Amino acid sequence: MYAIIETGGKQYKVAKDDVINVEKLNAKVGDKVNLNVLMLVNDGKVTNGNPYVESAKVVAEVVEQGKADKIVVFKYKAKKNYRRKQGHRQPYTALKILSVD
């Protein structure tokens with residue numbers, strides 16, 4: 001059994017005991033979070049939502065709040081002595097899927 005969930009404007013395929021990194025959520029480590037289910041697949045039986053499957057429920061636990069690896073944003077214009085270097089670390093929330101119903 002697996003589900004397609006939506007959070008942070010992105011969609012993820014999840015099953016029980018998966019750990020996924022999603023866009024930062026306002027929750028503390030150890031909190032339980034209910035996620036919106038777009039599609040549920042159970043033994044080949046597919047249930048689509050419009051937009052969400054109301055009878056389905058995916059519960060996840062917040063494992064970690066962290067920041068991803070640094071990326072370097074470098075802008076320049078050739079022959080004009082224009083250079084700008086900037087770093088960025090995207091915050092994320094690691095979720096462990098407890099149940100897919």
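Start by selecting Ala3 in this predicted model: with a relative accessible area of 0%, Ala3 is buried, because buried means under 20%. Colour by secondary structure and you will find Ala3 in strand S1, which covers residues 2-7.

Next, show what surrounds Ala3. Leaving aside residues up to four places away in sequence, Ala3 touches Tyr12, Lys13 and Val14, then Val37, Met39 and Leu40, and also Val58 and Val100. Keep Val58 displayed, as this contact of Ala3 comes back at a later stop.

For a distance check, pick the C-alpha atoms of Ala3 and Lys16: your viewer should give 9.4 Å for this pair, whose members sit 13 residues apart along the chain.

Now move to Ser99, in strand S9 (residues 91-100). Is Ser99 buried or exposed? Its relative accessible area is 18%, so Ser99 is buried, the cut-off being under 20%. Display its partners too: again not counting residues up to four places away in sequence, Ser99 touches Lys57, Val58 and Val59. Here is Val58 once more, a contact of Ser99 as well as of Ala3.

For the last stop, turn to the surface and select Lys70. This residue is in the loop that links strand S6 (58-67) and strand S7 (71-77). Lys70 counts as exposed because its relative accessibility is 58%, and exposed means over 50%. Then add Lys67, Lys85 and Arg89 to the selection: together with Lys70 they form a positive surface patch.

Methods: Residues numbered from 1 in each chain as written. Predicted model: local features only at pLDDT ≥ 70, side-chain atom pairs only at ≥ 80, totals over all residues. Heavy atoms only, no water. Helix = DSSP H or I, 4+ residues; strand = E, 2+ residues; numbered from the N terminus. Buried < 20%, exposed > 50% of the residue type's maximum accessible area, 1.4 Å probe, protein only. Contact = heavy atoms within 4.5 Å. Patch = residues over 30% accessible without salt bridge, like charges linked within 9 Å, V, L, I, M, F, W, Y side chains within 5 Å. Areas by Shrake-Rupley, 256 points an atom, 1.4 Å probe, with all protein chains shown as cover. Salt bridge = Lys/Arg side-chain N within 4 Å of Asp/Glu carboxyl O. Lys, Arg positive; Asp, Glu negative; His and termini not counted. Charge placed at Lys NZ, Arg CZ, Asp CG, Glu CD.
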